[in-house]
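Please open the model in your viewer and keep the selection tool ready. We will go from stop to stop, with something to pick out at each one.

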Amino acid sequence: MRTFQKDKLTVEIYENRTLMGEAAARDIKAKIAELLAGKQEINMIFAAAPSQNDVLKSLVEDKEIEWNRVNAYHMDEYIGLDKEAPQGFGNFLKLHIFGLVPFKSVNYIDITTKNPDVEAERYGKLLKENPTDIVIMGIGENGHIAFNDPPVADFHDERWVKPVKLDEVCRQQQVNDGCFASLDKVPTHAMTLTVPTLVKAPYLFCIVPAPTKAKAVYETLNGSIDEHCPASILRTHDNAKLYLDNESSKLL
């Protein structure tokens, strides 16, 4: 493992994505235990993507985490997919963690909503009333965090959750990841927690494997800190850690 600091952001690079996921899970487990020593329950936000499979697997396999004292949320959801669509982010997380460990509560964004603005307001109110302790996240090929693509990301957004139009790089990533058979199958719109909502959390764990993320990782760490690469805001956070593998870090 190699480690370095970029501005406030701690970066760790592992030989492969399995080791990366295991290391991130160990750190997340330790932080959950630390927080639960001082409060009865905590709130966590999870990203839904194949890039998170390794860390989610390691978390699920750990039988010592007190999930019954954790309330779970997710950071984005498509608009217009069927309730049972496997590509739905709530469904993805139910398959990989939400349905596998005994959370105190699981709070889903409603994929079936006919009024995304109203649903965004509802979910934002829920998050505001239950402040987040930990975010487990990734970075998209265009540098997005959640569905804050460069055209819609706003570091000073006053909303907690908002409907957004997805840019083509983001939609193509869903095809590249094997989630959809072709670009025309990928929804054009989604709901996302905004950038300020995510970085309000006191602890951020960002897990980013695979060669398709190498350019975004490079820009996150070496580009300007602004909306051209939304993930660059991680460099301003007091307690954020970025976990990479040998492929996602190959341009560093």
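Which residue in β9 does Asp76 stand opposite? Select Asp76 and look across to the neighbouring strand: the residue opposite is Thr192, in β9. Before going on, please keep in mind that this is a predicted model.

**Stop 1: the open sheet**

Now select residues 76-78, which form β5, together with residues 189-193, which form β9. These two strands run antiparallel and are joined by three bridges. Add β8, residues 161-165, and you have an open sheet of three strands in the order β5-β9-β8, with antiparallel pairing. β5 and β8 stand at the edges of this sheet. Each has a single partner strand, so one side of β5 and one side of β8 is left without a neighbour in the sheet. If you turn the view along the sheet, look for the twist, which averages 20° from one strand to the next.

**Stop 2: the largest pocket**

Next, select Ala48, Ala49, Pro50, Phe89 and Gln174. Of the 27 residues that line the largest pocket, these five are the closest to its centre. The volume of this pocket is about 340 Å³.

Which helix gives the largest share of the lining? Colour α3, residues 89-98, to see the answer: α3 supplies five residues, the largest share. Then colour α5, residues 168-176; like α3, this helix supplies at least two residues of the lining. If you colour the lining by class, you should find 13 nonpolar, 11 polar and three charged residues.

**Stop 3: two alanines with positive phi**

Most residues other than glycine have a negative phi. With that in mind, go to Ala146, in the loop between β7 (134-137) and β8. Ala146 is not a glycine, yet its phi is positive, about 55°. Is Ala146 buried or exposed? Ala146 counts as buried because its relative accessibility is 5%, below the cut-off of 20%.

Move on to Ala210, in the loop between β10 (203-208) and α7 (214-222). Ala210 also has a positive phi, near 90°. With a relative accessibility of 16%, Ala210 counts as buried.

**Stop 4: a strand residue and a distant partner in sequence**

Stay with β10 and select Phe205, which has its place in this strand. Phe205 is buried, at 6% relative accessibility. Now draw a distance between the C-alpha atoms of Phe205 and Leu234: the two residues are 29 apart along the chain, and these atoms are separated by 9.9 Å.

**Stop 5: the cysteines**

Finally, show the cysteine side chains. How many disulfides does the structure hold? There are zero. A disulfide is a covalent bond between the sulfur atoms of two cysteines, and here a pair of sulfurs has to lie within 2.5 Å to count as one.

Start with Cys170. The closest cysteine sulfur to its own is in Cys179, at 11 Å, so the two are too far apart for a bond. Cys170 is buried, at 0% relative accessibility.

Then select Cys206. The closest cysteine sulfur here belongs to Cys229, and because the distance is 10 Å, this pair is also too far apart for a bond. Cys206 is buried as well, with a relative accessible area of 1%.

Notes
Residues are numbered from 1 along each chain as its sequence is written. This is a predicted model: local features need pLDDT of at least 70, side-chain atom pairs count only at pLDDT 80 or more; totals for chains, interfaces and linings use all residues. Side-chain values use heavy atoms; hydrogens and water are left out. On a 1 Å grid over the protein atoms alone, a cavity is a set of points where a 1.4 Å probe fits but cannot get out, and a pocket is an open set with protein on both sides within 12 Å along at least five of seven lines; lining residues have an atom within 4 Å of a point. Grid points are joined across faces, edges and corners, and a volume is the space filled by probe spheres set on the points. Helices (H or I, at least four residues) and strands (E, at least two) are DSSP runs, numbered from the N terminus. Ala, Val, Leu, Ile, Met, Phe, Trp, Tyr, Cys and Pro count as nonpolar, Asp, Glu, Lys and Arg as charged, and the others, Gly among them, as polar. Buried means under 20% relative accessible area, exposed over 50%, partly exposed in between (1.4 Å probe, protein chains only). Two strands pair if DSSP finds at least two bridges between them. Axes are lines fitted to C-alpha atoms, for helices over the stretch in contact, and angles run from 0 to 180 degrees between N-to-C directions.
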